[in-house]
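Thanks for sharing this one. Here are my notes, set out point by point, to read alongside the model.

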Amino acid sequence: TTLEEDEALLQAFAEAPFVERQLVRQSMARDFVEDIKETFGWRKQWMLALPVSKRTKLKSTLAAATSPTEEWRLLVASIEADTTKVRADVKRVFMEEAGS
């Protein structure tokens, strides 16, 4: 979306009746929770696919992330950088699902 569209949505949200705002917040919260579940599901699956040394290094890298967005970016970078045949199927499925 463009900045103008975002501003228009924010304005419409601000002017909406209380009940509508609550419904939007609940929907956004559900979407956020689903995104988090999906992120941690992929993280777990990828971690299990890695050998112990790489898993330990990635855990340390992800722990240093300052936000869930950065953590997701670091996870994606790890998956994209992997060139092993052993994890090729996991990587392929992830890339298809992530739309990359």
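1. Let me start with a question: is Arg87 buried or exposed? In this predicted model, Arg87 has a relative accessible area of 6%. That value is under the 20% cut-off, so Arg87 counts as buried.

2. A word on where Arg87 sits and what surrounds it. Arg87 belongs to the loop between H4 and helix H5 (88-98). Setting aside neighbours within four places in sequence, Arg87 makes contact with Trp46, Ala49, Leu50, Pro51, Lys54 and Asp82. With Asp82 there is also a polar contact between the two side chains, at 2.8 Å.

3. Stepping back to the whole chain, you will find 5 helices and 0 strands. Read from the N terminus, the order of elements is α-α-α-α-α. Of the 100 residues, 18% count as buried. Among contacts between residues at least 6 apart in sequence, 45% join residues at least 24 apart.

4. Please have a look at H4, which covers residues 68-81. With 14 residues at 1.5 Å a residue, H4 should span 20 Å, and its end C-alpha atoms are indeed 20 Å apart, so expectation and model agree. The buried residues in H4 are Glu71, Leu74, Leu75, Val76 and Ile79; a charged residue, Glu71, is thus listed with Leu74, Leu75, Val76 and Ile79.

5. Ala81 also lies in helix H4. What is the relative accessible area of Ala81? The value is 57%, and because exposed means over 50%, Ala81 is classed as exposed. The C-alpha atom of Ala81 is 9.7 Å from that of Lys91, a residue 10 places away along the chain.

6. Now to the largest pocket, which holds about 200 Å³ of space. Its lining consists of Trp46, Leu50, Lys54, Lys57, Leu58, Thr61, Leu74, Ser78, Ala81 and Asp82. Several names from the earlier points return here: Leu74, Ala81 and Asp82 are among the lining residues, and so are Trp46, Leu50 and Lys54, which are in contact with Arg87.

7. Which helices each supply at least two residues of that lining? They are helix H3 (52-63) and helix H4 (68-81). The largest share, 4 residues, comes from H3. By type, the lining divides into 5 nonpolar, 2 polar and 3 charged residues.

Note on methods. Residues numbered from 1 in each chain as written. Predicted model: local features only at pLDDT ≥ 70, side-chain atom pairs only at ≥ 80, totals over all residues. Heavy atoms only, no water. 1 Å grid on protein atoms, 1.4 Å probe; cavity = no way out; pocket = protein on both sides within 12 Å on 5 of 7 lines; lining within 4 Å. Points joined across faces, edges and corners; volume = space filled by probe spheres on them. Expected span 1.5 Å × (residues − 1). Buried < 20%, exposed > 50% of the residue type's maximum accessible area, 1.4 Å probe, protein only. Polar contact = N/O pair within 3.5 Å; in protein donor to acceptor, adjacent residues only side chain to side chain. Contact = heavy atoms within 4.5 Å.
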